[in-house]
Amino acid sequence: MCFVNKSVVRKFLLIICVLISQLTFSQNKNILFIAVDDLKPLLGVYGDELAITPNIDRLAKMGVTFTNAHCQQAVCAPSRASLLTGLRPDLTEVWDLKTHIRNKNPDIKTLPQYFKENGYTSVGMGKIFDSRSVDKDLDKASWSIPFIKPEIEDKVHGKPSVRGFQSKENKAIYANLKKEGKTKGLEKNKLNQFMMKNHKPSTESIYISDEGYFDGALAFEAIQQLEKLGKEKNPFLLCVGFHKPHLPFVAPKKYWDLYKREEMPLASYQKWAIGTVKVSYHNIGEIKSYTDIPDSFDENGLINEAKQRELIHGYYACVSYIDAQIGKILDALEAQNLTQNTSVVLWGDHGWHLGDHGLWNKHSNFEQATRSPLIVVDADMENAILNDSPIEFVDIFPTLCDLVGLPTPEILQGKSLKPILLGKKKKVKQFAMSQYPRGKIMGYALRDDRYRYVAWYRDSKGKHPIETDILAKELYDYKKDPLETANIVAVNSDLAIEFQEMLNQFLDEQTTQKRAFKKTQRVARKKKKEAVTKATYSGKNLMKNPSFENGQGKWRFGKNGVVEIVESEAKSGKFSLQFTGTKCSAFQNLENLKPETTYNVSVFAKTENKEAVLLKVRFYGDEDITVRYAKPNYETISTTFTTGKDHTSARIAFVKYKPNATGKSWFDDVKVTEVGAKTSSIKEIINENHDGKLYIGATIGYAQLGTPVEDILTREFNYTVAENAGKQARVHPHPKKWDWSQINAIVKMAEKNNLMVRLHGPISPQASHWAKNDERTPQQLEKNMTEFMTEQCKKFNGHPNIKWMDVVNETVTPKGEWFGPKKGVDQWENPWTIIGSDTDKNKTPIYISKAFEIANEHASDVKLVFNQHGGMEKAMWERVKETILYLRKKGLRVDGIGWQAHLSSREDLAFNNEKLAYFSSLIDWAHANDLEFHVTEMDYKIREAVTESALEKQGKAYVNILNVLLLKHASGVVTFNTWGITDGVGKHKDSARFLFDEDGVAKPSYYALKDALESAK
């Protein structure tokens, strides 16, 4: 007989009941998910004694605060896309502010979507996803109800103006600008852009209720939702995204009054770290877009102290404003008796530079940009705990799954933090990984308990980075150097090797993870199908107004149906062609085609309700061609046609004639190109039709060697310039280090492809950092300059492909003054004037004479160029002329003048007859004095939307400069060099400034240049 101990049975049953009740409780646990934009750890709980944040500090006492948490990329859209999918930017392929998450990954599962599909009521409001990376519904698939957008209307101040400003002064200015913009014919986005371009202050402080600004209204809406959701049976995921402290720093005055302006702490280290390079930094472009910032820089190139204190004051005020709103939500959570059954997560999407390293905003791999607050609260877990282990934002998704008892998707790249929350472990991983792109260069930052290691890889986007592609490395020790004042990678090479091995392993594993993830996405299966229909283009687009940016333009509309050009649903630019209902048609007649020649025609199209639209080709000498399309997403539809023996025209038409159709259809980016057309390159046109006095070149960077960019260079141009590979900062970066590898590689490429080379900027403002410290002496600088210039001249003199050298670069300011050093600035300044001046009337800096003396002695076979930046400022160029004549009077050879022609859509130089006339006279003076004239750095930045009309204007700007040269090249040598080849690289990657787009496709400016060269035969 078996005897059973009843006490043991009772205990066993009790344990089972507890486990079952805990499981049930866990599966019904709510989540309050709070995001704060641009929030760095300036909070009381993080040790900031100035910050007044009692509510966030209260939240921290309820749970675990992670003091070493890092985002995956320090910019809004990529960081949020990564956090909300549990995947790193290399998997989502969202590295910028324009890529849609689901365009790259149609079947991706977001955190709120996953919880919604597992029984949660998923509600979103405020800034959760960055709106630029999702659909107009803020990722419709993620939410149980439509995304909530709070309305703001203060009882005293009313509705806010653009960017949320509420002061009478700002509203009056915007009202006047709006009126002015409308008189110019501007509407919607263009009108807003006009207003913001002319008035966009960085701060506002007025007496107003919390609800008078967005975040106060958001908190009120969140409280209403808590009251509603708390009564429902299903658990909820409530996502609340606050906008502040993102710029502009706008908060009710009572929060500004919590702080004293004079007590605002300025960053104690506002320089580049010793041993770092340009790729680590950015040009603080985001904050410069605010109209009160550009005039706030001091003589050191930094924002002046008064403005710094105002900005820091504004940041603290906004943090306290958000803290108060979070407090209201926590109070409501408690009032609804939801605290015990709700997990709370508070996070900032990335950090923020407040002047350290001279930086503002985010956009870097430094500690101040990647480190951000993360607080996790759960009634079942530890409380009032500070954890300093490395944590990543990709850990949040699996952590929440673990907290509420949902299975964790296998594809997620983070690790659950639950063992830390339970107090069972102090850390779950060895390091956190962040990354940041600079064009096609990608920097990966590995952060552990003490160190940060960064490796910058060239051309790593979309492919597996390998160690041989590393351009620069950084290593920081936060125990000894919390301000990142020195890169110690050179002095601690053994540790750097260890970190690099960890990084190599990480990248290898991530490549495997990415392959597995991409197999789950329809985009991988879709590409093959698209390859059948996607047009292949060759040659110039023959359509006029192909993207409808000029209104109806050359298009003709049918008399029936609703056909219009609309400012929405554009595939590119701002406008598209829209059909509504049925009996719609639009067409354009093409003239001057070649007989018996094949052409490709393509268009992007989409349509509602599966109502078919037609692409038709007619009147080309054969039967009509019809292509049918009936899908809801933009895809390319295309066909080819061959003109008849006696036919030189064709009609391209779009038709929708489905009976009883009521939906809308759209078309954009129409293209017709000659198939297989043999077109001459720029180089071929020059070789065939010009007499050796004209050179057209393009600048190439070392990282672009061996890529399609090099192929374009060697096909199209007859000379080149090494971007920065020949400058002292690259060749002689340290007193005992010489590195000719990059310039050697570019010269070798030029030699192989029979390209002439101009050596760029050996003696220029961008000297090595070690030549730019505050203790420099004239003797040290002269020795440094002489040593470097002599070596460069000796090395390249006599080389058959080295034709020119910019002996000096950027010597005179637009006002005609000598361009010299700026105290405390270690970039874009000229240390060489410290050496001293000659005794001539202009007190010409000795370094200019010395540089030409060295070049005359050691570069006898090279043409010597005096290169200058700026526009067509007469005072500047007159000083350049005087200097050249002075050098010649000293018996020194000067062979040419160079002009760095950096233009943009915000200036009129290329379209101003007076300035072009002065440019023409400058070339006349050069040729009259037996000098060549070189346009050395031509580009044209499009500062607005990159539309078809903007691209055409860009082409005209290029041509207007080239045409002046073409008129002069009979009297002397002229050259025209573009400061790059393809768009999408470097700090101006959004300015679309070159002849080819980022995929290497020729733009209108390329064809405009070719036409100008053909016309000048």
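Visitor: How should I read the accessibility of a single residue here, starting with W272: is it buried or exposed?
Guide: W272 is buried, because its relative accessible area is 7%, and under 20% counts as buried. Please keep in mind throughout that this is a predicted model. Y281 can be read in the same manner, and with a relative accessible area of 6% Y281 is buried too.

Visitor: And how do I read aromatic rings that lie beside one another; how many aromatic pairs are there?
Guide: The general idea is to look at the distance between ring centres and then at the angle between the ring planes. By that rule the count comes to 38 aromatic pairs. One of them joins F115 and Y120, whose ring centres are 5.1 Å apart and whose planes stand at 80 degrees, so this pair is edge-to-face. Both F115 and Y120 are buried. W272 and Y281, with which we began, also form an aromatic pair, and with 4.4 Å from centre to centre and 5 degrees between the planes theirs is stacked.

Visitor: Which residues form one aromatic cluster with W555?
Guide: W555 belongs to a cluster with F548, F579, F654 and F667.

Visitor: Which charged residue sits over the ring of F587?
Guide: For this feature one looks for the charged end of a Lys or Arg placed over the face of a ring. Over the ring of F587 that is R651, whose charged end is 3.9 Å from the ring centre. Elsewhere, K200 lies over the face of Y290, at 4.3 Å from the ring centre.

Visitor: How do I read a nonpolar core, and which residues touch the most other members in the largest one?
Guide: As a general idea, nonpolar side chains in soluble globular proteins tend to be buried together. The largest nonpolar core in this model has 107 residues, and those touching the most other members are F852, W899, F919, F933, V935, I961 and F976. Helix α26 gives the most to this core, with 10 residues. A second, separate core has 78 residues, including I148, A222, V240 and F366.

Visitor: What is F933 in contact with, once its neighbours within four places in sequence are left aside?
Guide: Its contacts include W899 and F919, and among the others are I897, L922, I923, L965 and V973.

Visitor: Where does L966 lie?
Guide: L966 lies in helix α26, which covers residues 948–968, and at 10% relative accessibility L966 counts as buried. A residue can also be compared with another one far along the chain: L966 and K693 are 273 residues apart in sequence, while their C-alpha atoms are separated by 9.9 Å.

Visitor: What can be said in the same way about V601, and in which strand does V601 lie?
Guide: V601 lies in strand β22, residues 598–607, and counts as buried at 0% relative accessibility. V601 and K197 are 404 residues apart in sequence and 38 Å apart in space, C-alpha to C-alpha. Leaving aside neighbours within four places in sequence, V601 is in contact with residues including L615, V617, I637, F641 and V672.

Visitor: Which residues are buried in helix α8?
Guide: In α8, residues 188–198, L191, F194, M195 and M196 are buried. What covers the buried residues of α8 includes α7, residues 168–183.

Visitor: How do I read a pocket, and what is the volume of the second largest one?
Guide: One may take the volume and then the residues that line the pocket. The second largest pocket has a volume of about 660 Å³. It is lined by 27 residues, of which K40, L42, D356, Q368 and L483 are the closest to its centre. The elements that give two or more residues to this lining are α12 (305–335) and α13 (367–370).

Visitor: Finally, which backbone angles deserve a look, and what is phi of D38 near?
Guide: Most residues other than glycine have a negative phi, and most peptide bonds are trans. Phi of D38 is near 60 degrees, a positive value in a residue other than glycine. D38 is placed in the loop between β1 (30–36) and α2 (54–61), and D38 is buried, with a relative accessible area of 0%. Phi of D930 is also positive, near 55 degrees, yet D930 counts as exposed at 66% relative accessibility. The place of D930 is the loop between α25 (913–928) and β35 (932–941).

Visitor: Where is the cis peptide bond of P245, and in which loop is P245 found?
Guide: The peptide bond from K244 to P245 is cis, with omega near 15 degrees, and P245 is in the loop between β6 (236–242) and β7 (249–252). L247 and P248 are likewise joined by a cis peptide bond, with omega about -10 degrees, and P248 lies in the loop between β6 and β7.

Notes. Residues numbered from 1 in each chain as written. Predicted model: local features only at pLDDT ≥ 70, side-chain atom pairs only at ≥ 80, totals over all residues. Heavy atoms only, no water. Phe/Tyr/Trp six-rings, centres within 6.5 Å; stacked < 30°, edge-to-face > 60°. Buried < 20%, exposed > 50% of the residue type's maximum accessible area, 1.4 Å probe, protein only. Lys NZ or Arg CZ within 6 Å of the ring centre and 35° of its normal. Helix = DSSP H or I, 4+ residues; strand = E, 2+ residues; numbered from the N terminus. Core = buried A, V, L, I, M, F, W, Y, C linked by side-chain atoms within 4.5 Å. Contact = heavy atoms within 4.5 Å. 1 Å grid on protein atoms, 1.4 Å probe; cavity = no way out; pocket = protein on both sides within 12 Å on 5 of 7 lines; lining within 4 Å. Points joined across faces, edges and corners; volume = space filled by probe spheres on them.
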